[in-house]
Amino acid sequence: MDVLQKEIDEVYATHPTAHEALDNGIVEQHQQFVRSLTEVNGGCAVISDLSNRKSYVTVHPWANFLGLTPEEAALSVIDSMDEDCIHPEDLVEKRLMEYKFFQKTFSMSPGERLKYRGRCRLRMMNEKGVYQYIDNLVQIMQNTPAGNVWLIFCLYSLSADQRPEQGIYATITQMERGEVETLSLSEEHRNILSEREKEILRCIRKGLSSKEIAATLYISVNTVNRHRQNILEKLSV
């Protein structure tokens with residue numbers, strides 16, 4: 001699990017649901033809704049249930065941008081959403097957006113948090129191995145009777161705008177008031193790595209081995225390998 005996902009999970013933990021009696025009929029109602037939604041937009045919808053850490057997935061047959069096999073696309077319940085097809089750089093910024101969105105909304109009153117929506121545009125590899133731009137939406141769908149966050153809705157659909165741009169253009173919208181907050185994530189993305197990790201990443205990009213990096217930076221091979229592992233975790237790759 002990458003570092004940013006761990007931080008998101010820590011936010012989830014602030015809303016415990018394990019000891020609450022929850023009506024599974026509500027989950028089924030929302031599943032019916034998202035099935036109808038995907039029939040209209042031709043995309044993929046996910047309901048994440050924080051009470052059991054399961055995700056309920058609906059994938060339209062046209063959603064080839066997900067790069068899923070027919071077997072994967074047929075699954076309706078999974079332990080977690082596999083996001084390996086998201087471009088690594090965009091996945092880091094998506095995690096940053098989700099962290100900011102959940103950090104903001106989980107601290108609100110139950111009714112207020114339902115009025116917020118996070119959006120971004122990111123690259124996903126399709127079944128042909130080509131990256132396409134995808135619109136991604138996330139919002140809290142249902143609270144528990146005690147007021148904790150229960151169900152989170154996430155939607156992926158093929159973007160009408162396929163023009164290449166830097167970053168994922170992340171926003172958080174207060175839907176009732178029409179207030180849109182644009183998130184600047186590029187600088188935070190760069191700050192995830194320490195200066196030493198950036199040095200090592202630059203060496204990796206030059207094709208240097210761990211031994212060559214160690215000699216260049218006057219550090220041990222074990223230290224290089226530890227930094228390499230940190231880079232993999234922090235950048236979700």
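Glutamate 181 lies in strand E8, residues 179–183. This is a predicted model, so please hear everything that follows in that light. Glutamate 181 is partly exposed, with a relative accessible area of 34%. Leaving aside residues up to four places away in sequence, glutamate 181 touches Lys104, Ala170, Thr171 and Ile172. Its C-alpha is separated by 24 Å from that of tryptophan 150, and the two residues are 31 apart along the chain.

Lys104 belongs to the stretch I take next, helix H4, residues 88–105. H4 has 18 residues and reaches 26 Å from its first C-alpha to its last, close to the 26 Å expected at 1.5 Å a residue. The buried residues in H4 include Leu91, Val92, Leu96, Met97, Phe101 and Phe102. Charged side chains are on that list as well, among them Asp90, Glu93, Lys94, Arg95 and Glu98.

Now the helices further along the chain. Helix H7, residues 195–205, packs against helix H9, residues 221–234. The angle is about 95° and the axes are 10 Å apart. Since 65 to 115 degrees counts as roughly perpendicular, that makes H7 roughly perpendicular to H9. On the H7 side, the contact is made by Arg196, Glu197, Ile200, Leu201 and Ile204. On the H9 side, the residues are Val224, His227, Arg228, Asn230, Ile231 and Lys234. By class, the contact residues divide into five nonpolar, two polar and four charged.

Within H7, the buried residues are Glu197, Lys198, Ile200, Leu201 and Cys203. Glu197, Ile200 and Leu201 are also named in the contact with H9. H7 is followed by glycine 207, which has a positive phi, near 90°.

Then helix H8, residues 210–217. Which of its residues are buried? They are Ser210, Ile213, Ala214 and Leu217. These cover an arc of only 100° around the axis, which puts them on the same side of H8. As background, an α-helix has 3.6 residues a turn, so residues three or four places apart point the same way. The face of H8 turned away from the buried side carries the exposed residues Lys211 and Ala215. What covers the buried residues of H8 includes H7 and H9, the pair just described. Just after H8, tyrosine 218 takes a positive phi of about 60°.

That brings me to two other residues with positive phi. Arginine 53 has a value of about 55° although it is not a glycine. Where does arginine 53 sit? It is found in the loop between strand E1, 44–49, and strand E2, 54–59. At 42% relative accessibility, arginine 53 counts as partly exposed. Tyrosine 169 is not a glycine either, and its phi is positive at about 50°. Tyrosine 169 is found in the loop between strand E6, 149–158, and strand E7, 170–174. With a relative accessible area of 59%, tyrosine 169 is exposed.

The last item is asparagine 41, in helix H2, residues 24–41. Asparagine 41 is partly exposed, with a relative accessible area of 28%. Not counting residues up to four places away in sequence, asparagine 41 touches Leu155 and Ser157. Asparagine 41 and leucine 155 are 114 residues apart in sequence, and their C-alpha atoms are 9.8 Å apart in space. That is where I stop.

Methods. Residues are numbered from 1 along each chain as its sequence is written. This is a predicted model: local features need pLDDT of at least 70, side-chain atom pairs count only at pLDDT 80 or more; totals for chains, interfaces and linings use all residues. Side-chain values use heavy atoms; hydrogens and water are left out. Axes are lines fitted to C-alpha atoms, for helices over the stretch in contact, and angles run from 0 to 180 degrees between N-to-C directions. Helices (H or I, at least four residues) and strands (E, at least two) are DSSP runs, numbered from the N terminus. Angles under 35 degrees count as roughly parallel, over 145 as roughly antiparallel, 65 to 115 as roughly perpendicular and the rest as oblique. Contact means heavy atoms within 4.5 Å. Buried means under 20% relative accessible area, exposed over 50%, partly exposed in between (1.4 Å probe, protein chains only). The arc is that of the directions from the helix axis to the C-beta atoms. The expected span of a helix is 1.5 Å times one less than its number of residues.
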